[in-house]
Amino acid sequence: MSQFNEVRRQFGSDNYAGMCPEALAALAKANHGHVRGYGDDPWTAEAVRLIREFFETECEVFFVFNGTAANALALASLCQPYHSILCHEMAHVEMDECGAPEFFSSGAKVRLLPGGNGKIDPGSIERMAAEGRGVHFPKTRAVSITQATELGTVYSPEELKAVGDTCRRLGLRLHMDGARFGNAVASLKVAQSEITWKSGVEVLCLGGSKNGMGLGEAVVFFSRELAQEFEYRRKQAGQLASKMRFLSAPWVGMLQEGAWLRHAEHANAMAAYLEKQLRGVPQVKQLFPRQANAVFAELPMELIQALWDRGWMFYQFVGKTGCRLMCAWDTTENDVDQFVGDIRALVSPG
Ligand SMILES: Cc1ncc(COP(=O)(O)O)c(C=O)c1O
């Protein structure tokens, strides 16, 4: 049974981490008595209320099991099969969702934009939206951005507003993949509303699992008309939890006393510490500005292999040697010290 007792924390992903105490306590609290299924329960009502309060608006909220479903179903509700969705070439919706946005939208095409530091900009959106020859090409309908990005950077409020304004002017719907939205809020130190609906975001996939929940994400429609019949879409996709309280109660634990932001701030602080410790190692070259809870760094291949051999887990993310080192809500300075200590020992043995 020793494999179940692995205690070492890793830098592979924020979803390697367990559940935070606040989410776990809410789950245990919800585990009493009988309540109605499928979301018609007090825990779900309270989670929805807290999310509305959190965004300072009467948004429509739907809980689903994971981020792929949240993104794919949200995007499907923006598009007809003959539409297209613009996103960054490294976007999770393109690289890591096995074509789910295309599948659930019954054929909408995902089109890719380049852009520095994992971000897209108004100019490239405008150029791409103008491509094609009328009915011969899928009509551009939506833009998807990720906040914080897949490369550990964040869109500033000004950048978001510029993207939002462009979408509005071109008649495009704006979706935000917020799997790490908490880390972006912690990094920017702004109100949630500023970098979502006030900047033109119409639907947000709000991440829970990467920030200390066991599972579950929330699809948050700020443009409420887009949520029409979403409950049918969710059910058809197998994403309607019968015992919904166990998906929604952890949100109550995360939001009611600020654990959601605290954990994100902590993960970001650990990434900042990791970045600082790595700066003194000449063999390690940082790749992108560190703005959230991940450090991206170029490591020599022999060093990567030697770290893996010592039991460290992390991903190659950009080519073979561009590595993603991700911190979680429970990463400690001691974890960072051990990891960087091993790097130092390996680059200058003896
Ligand atoms: C940017 C981004 N979006 C969404 C997700 C959610 O994906 P999943 O379907 O694994 O929950 C992830 C997880 O890795 C992610 O990094």
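**Ligand site and cavities**

Visitor: How far is an oxygen atom of the ligand from a polar backbone atom of Gly67?
Guide: This is a predicted model, in which local features need pLDDT of at least 70, side-chain atom pairs count only at pLDDT 80 or more, and totals for chains, interfaces and linings use all residues. Residues are numbered from 1 along each chain as its sequence is written, and side-chain values use heavy atoms, with hydrogens and water left out. The pair at Gly67, N or O atoms within 3.5 Å being a polar contact, is separated by 2.9 Å.

Visitor: Which residue has a side-chain N or O atom 2.6 Å from a nitrogen atom of the ligand?
Guide: An oxygen atom of the ligand lies 3.1 Å from a side-chain N or O atom of Lys210. The nitrogen atom in question has its partner, at 2.6 Å, in the side chain of Asp177.

Visitor: Which helix gives the largest share of the shell around the ligand?
Guide: The surrounding residues (a heavy atom within 4 Å) include Asn66, Gly67, Thr68 and Asn71. Helices are DSSP runs of H or I with at least four residues, numbered from the N terminus. The largest share, three residues, comes from residues 67-76, helix H3.

Visitor: Which strand gives the most to the lining of the second largest cavity?
Guide: Strands are DSSP runs of E with at least two residues. Strand E2 (83-88) and strand E4 (139-146) each supply at least two lining residues. The most, three residues, comes from E4.

Methods: A polar contact is a pair of N or O atoms within 3.5 Å; within protein, one must be able to donate a hydrogen and the other to accept it, and residues adjacent in sequence count only if both atoms are side-chain atoms.
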